[in-house]
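User: I'd like to learn how to read a pocket in a model like this one. Can you walk me through it?

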Amino acid sequence: MSGTHEELVRLAEAVPEDQVPAAAAFLRQLARPAAGRREFGCAGTLTAEPDFGERSEDILRDEIGRRGTTA
């Protein structure tokens with residue numbers, strides 16, 4: 001076992017009990033082979049008008065149209 005690996009084991013053993021789940025989740029992400037997709041440990045929130053979902057296609061179409069005319 002390399003010195004760095006031994007240090008990692010010592011650090012893992014020193015993680016406070018309440019932080020073990022977060023540390024384990026972080027290490028799992030490092031141990032997984034990189035895929036084309038990222039995982040996030042939290043979900044974002046959005047504040048918008050009530051009909052935002054219904055209007056999303058129109059909004060995107062308008063925005064894409066604007067960018068196409070300014071280029």
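Analyst: Sure, let's start with the second largest pocket: helix 2 contributes the most to its lining, with 5 residues. Helices here are DSSP runs (H or I, at least four residues), numbered from the N terminus. This is a predicted model, where local features need pLDDT of at least 70, side-chain atom pairs count only at pLDDT 80 or more, and totals for chains, interfaces and linings use all residues. Residues are numbered from 1 along each chain as its sequence is written, and side-chain values use heavy atoms, without hydrogens and water.

User: Which residues line the second largest pocket?

Analyst: On a 1 Å grid over the protein atoms alone, a pocket is an open set of points where a 1.4 Å probe fits, with protein on both sides within 12 Å along at least five of seven lines; lining residues have an atom within 4 Å of a point. Here the lining is L8, L11, A12, V15, V20, A23, A24, F26 and L27. Helix 1 and helix 2 (20–31) are the elements that each give two or more residues to that lining.

User: How do the lining residues divide into nonpolar, polar and charged?

Analyst: Ala, Val, Leu and Phe are among the residue types that count as nonpolar. The split is 9 nonpolar, no polar and no charged.

User: What is the count of buried residues in helix 1?

Analyst: Buried means under 20% relative accessible area (1.4 Å probe, protein chains only). For helix 1 the count is 0 among its 12 residues, and buried residues make up 0% of the 71 in the protein.

User: Which helix has the highest mean pLDDT?

Analyst: pLDDT is the predictor's confidence in each residue, from 0 to 100. Helix 1 (residues 3–14) comes out highest at 92, and helix 3 (residues 52–70) lowest at 79.

Definitions and conventions:
Buried < 20%, exposed > 50% of the residue type's maximum accessible area, 1.4 Å probe, protein only.
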